[in-house]
Amino acid sequence: MTLTTYKKKRTLANTPEPSGGKAAGAKLHFVVQKHAATRLHYDFRLEMNSVLKSWAVPKGPSLNPEDKRLAMMVEDHPYDYKNFEGIIPKGNYGAGTVIIWDEGYYEPLEESGSKKEQEKLLLKQLKSGSLKIRMFGKKLKGEFALVKLKNAENNAWLLIKHKDEYASLKDITLKTKSVISGKTIEQVAKKPVRRTLDAKR
Ligand code: MN
C-alpha cells in the first residue's frame, strides 16, 4: 500500500485535497465522490488497509443489475480523502468540484471475521480481479460486484449491482445532492466548503 503515485500526481501545497489519515473504527468505509473534472465522473473508493482503493466510474453506479458500469481503477487515495468535498483549484490534477455523493461502510459478501480478516479477503479478491461486497450507504445498498475485464486495458473493471431487494430500475444518479452537506456540485462550486470530519465515523 503506497500513496507514492497519489503524491506524485499532485502538488499538495496547491490543493485542499488530503494527504494521509489513519483508518479508524471496526468497519470498512466507502465513499463515492461526484467529481466535475474535465469530464464528470464518480469516484468509487473502498477502504482497504488504511488507504482507499479507487475507481473512476464515468456513468456512475447503477442499481439495475443489467447495467455494467465501466470503472477504471486509479491510484490509491489517502484514507482522509473520504471526507473531502470542495474544489480542486485550476491547474491542479483533477481540477474541479467534488461532492460526497454517497458514503457508508461495506463488507465482503463472503463471511469473514474481524476487519483485518475482511481486508485480507478483499485484497485477495482484488488481486484475483473479482470483488464481491455488500454496501451500507445512503444511496448504495446491498450487493455489488467489481469485476476486472480480461483482455482489455488492465485497469478496466465493471461495477455491477447484484439482484437483491435493493436492485432497482430507478436512476440513482438523479439523486444529485451530497449526503454530507445536502449541496449539489453546482452549489459547492459556487460556495466551497472544506470537510474535516471526525475520522472515527
Ligand atoms: Mn476523480
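1. The largest pocket has a volume of about 260 Å³. Of the 17 residues lining the largest pocket, those closest to its centre are His35, His41, Asp43, Ala56 and Val74. Keep in mind that this is a predicted model.

2. Who builds the wall? Strand 2 (40–48) and strand 4 (69–78) each give at least two residues to the lining of the largest pocket. Strand 2 provides the largest share of that lining, with 4 residues.

3. The chemistry of the lining of the largest pocket is mixed: 7 residues are nonpolar, 4 polar and 6 charged.

4. Now the metal. The manganese ion has three protein donors: His35 through ND1, His41 through NE2 and Asp43 through OD. These donors lie 2.1 to 2.3 Å from the manganese ion. Along the chain, the donors follow the spacing H-x5-H-x1-D. His35, His41 and Asp43 are also among the residues closest to the centre of the largest pocket.

5. Are the two histidine donors buried or exposed? His35 has a relative accessible area of 7%, and His41 has 15%. Buried means under 20%, so His35 counts as buried, and so does His41.

6. Ala26 belongs to another setting. Ala26 is in the loop between helix 1 (4–9) and strand 1 (28–36). The relative accessible area of Ala26 is 65%. Exposed means over 50%, so Ala26 is exposed.

7. One long-range pair to check on screen is Ala26 and Glu143. In sequence, Ala26 and Glu143 are 117 residues apart. In space, their C-alpha atoms are 20 Å apart.

Methods: Residues are numbered from 1 along each chain as its sequence is written. This is a predicted model: local features need pLDDT of at least 70, side-chain atom pairs count only at pLDDT 80 or more; totals for chains, interfaces and linings use all residues. Side-chain values use heavy atoms; hydrogens and water are left out. Buried means under 20% relative accessible area, exposed over 50%, partly exposed in between (1.4 Å probe, protein chains only). Donors are N, O and S atoms within 2.8 Å of the metal (3.2 Å for Na, K and Ca); water is not among the atoms, so sites may look incomplete. On a 1 Å grid over the protein atoms alone, a cavity is a set of points where a 1.4 Å probe fits but cannot get out, and a pocket is an open set with protein on both sides within 12 Å along at least five of seven lines; lining residues have an atom within 4 Å of a point. Grid points are joined across faces, edges and corners, and a volume is the space filled by probe spheres set on the points. Ala, Val, Leu, Ile, Met, Phe, Trp, Tyr, Cys and Pro count as nonpolar, Asp, Glu, Lys and Arg as charged, and the others, Gly among them, as polar.
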